[in-house]
Amino acid sequence: MATVEPIRKLKDIKNIENFLAKQKERDLLLFTFGINCGLRISDILCLDVGDVKNKDFVQIIEKKTNKFKKFPINSKLKPMIQKYTKDKNNEEPLFKSRFNNRLERTAAYRIIRNACKCIGMDELVGTHTLRKTFGYHHYQMFKDVVILQKIFNHSSPQITLRYIGIEQDEIYESCANFIL
């Protein structure tokens, strides 16, 4: 089974955001939320409007690990959430399908996959791409694998580096630069 990749190029992230901005506000928020919080898609899709509306932090119990997680809503997400939730009821799902049900993982996958395809990305992407993208760019910005390991609840820094594709990047670079 092939694993999905993070979106490594900031230009690709910007292109996806521009593409999604022309589609649906929900889809842009889903993408932006995913790459800015590091949550699994299963936890993002379980959020209700009241979990984020007029909040500074999101607090959840992770579905996979059953662990408590609290993280700040950053300055990019805050205005997007405020605008998106303005006329929404606190009890309704944050991300709803066109049938007014909670958006499902398969629909989120199609949104992400289609956006990447439409901007010309040929990397293997999926819903986990959002979390990996968060991790990849967090590491590039802060170079602190231990903090990232704690954010992801991984058991070792090596697992975290492999997860976000850093080890693979280093392998490609070393092979590309190895000339006899």
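I'll start in helix H7, with His137. This is a predicted model, so please take every value that follows as computed from it. At 18% relative accessibility, under the 20% cut-off, His137 counts as buried. Setting aside residues up to four places away in sequence, His137 touches Ile7, Arg8, Leu10 and Ile13.

Ile13 takes us to the first helix pair. Ile13, Ile16, Glu17, Leu20 and Ala21 are the H1 side of a contact with H2, and the H2 side is Asp27, Leu28, Phe31, Thr32 and Ile35. By class, the residues of that contact are seven nonpolar, one polar and two charged. For the geometry, H1 covers residues 10-21 and H2 covers residues 25-37; they pack at an angle of about 155°, and their axes are 8 Å apart. An angle over 145 degrees counts as roughly antiparallel, so H1 and H2 fall in that class. Their crossing is left-handed.

Next, H2 against H7. Helix H7 is residues 128-142, and H2 packs on it at an angle of about 45°, with the axes 6 Å apart. The two helices are therefore oblique to each other. The crossing of H2 past H7 is right-handed. From H2, the residues in contact are Leu30, Phe31, Gly34, Ile35, Asn36 and Cys37; from H7, they are Leu130, Arg131, Thr133 and Phe134. That contact divides into six nonpolar residues, three polar and one charged. Phe31 and Ile35 are on this list, and both are also in the contact with H1.

The third partner of H2 is H5. Here the packing angle is about 150° and the axes are 11 Å apart. That makes H2 and H5 roughly antiparallel. H2 passes H5 in a left-handed crossing. On the H2 side the contact uses Glu25, Arg26, Leu28, Leu29, Thr32, Phe33 and Asn36, and on the H5 side Leu77, Met80, Ile81, Lys83 and Tyr84. The class split for H2 with H5 is seven nonpolar, two polar and three charged.

Now the interior. Which residues have the most contacts inside the largest nonpolar core? They are Leu30, Phe33 and Phe95, in a core of 39 residues. The elements giving two or more residues to this core are H1, H2, H3 (41-45), H4 (49-52), strand E1 (57-61), H5 (77-85) and H6 (105-118). H2 supplies the largest share, seven residues.

Leu30 is worth a look on screen. Not counting residues up to four places away in sequence, Leu30 touches Ile41, Ile44, Leu45, Phe95, Leu103, Ala108, Ile111 and Leu130. Apart from this core lies another, of 10 residues, including Tyr136, Tyr139, Val145 and Ile166.

Last, a loop residue. Leu47 sits in the loop between H3 and H4. Is Leu47 buried or exposed? At 1% relative accessibility, Leu47 counts as buried. Leaving aside neighbours within four places in sequence, Leu47 is in contact with Phe33, Val52, Val58, Ile60, Pro93, Leu94 and Arg102. Phe33 appears there, and Phe33 was also on the H2 side of the contact with H5. For a distance in space, take Leu47 and Ile159: they are 112 residues apart in sequence, and 27 Å apart from C-alpha to C-alpha.

Definitions and conventions: Residues numbered from 1 in each chain as written. Predicted model: local features only at pLDDT ≥ 70, side-chain atom pairs only at ≥ 80, totals over all residues. Heavy atoms only, no water. Axes fitted to C-alpha atoms, helices over the stretch in contact; angles between N-to-C directions. Helix = DSSP H or I, 4+ residues; strand = E, 2+ residues; numbered from the N terminus. Parallel < 35°, antiparallel > 145°, perpendicular 65-115°, else oblique. Left-handed = near helix turned anticlockwise from the far one by under 90°. Contact = heavy atoms within 4.5 Å. Nonpolar A, V, L, I, M, F, W, Y, C, P; charged D, E, K, R; others polar. Buried < 20%, exposed > 50% of the residue type's maximum accessible area, 1.4 Å probe, protein only. Core = buried A, V, L, I, M, F, W, Y, C linked by side-chain atoms within 4.5 Å.
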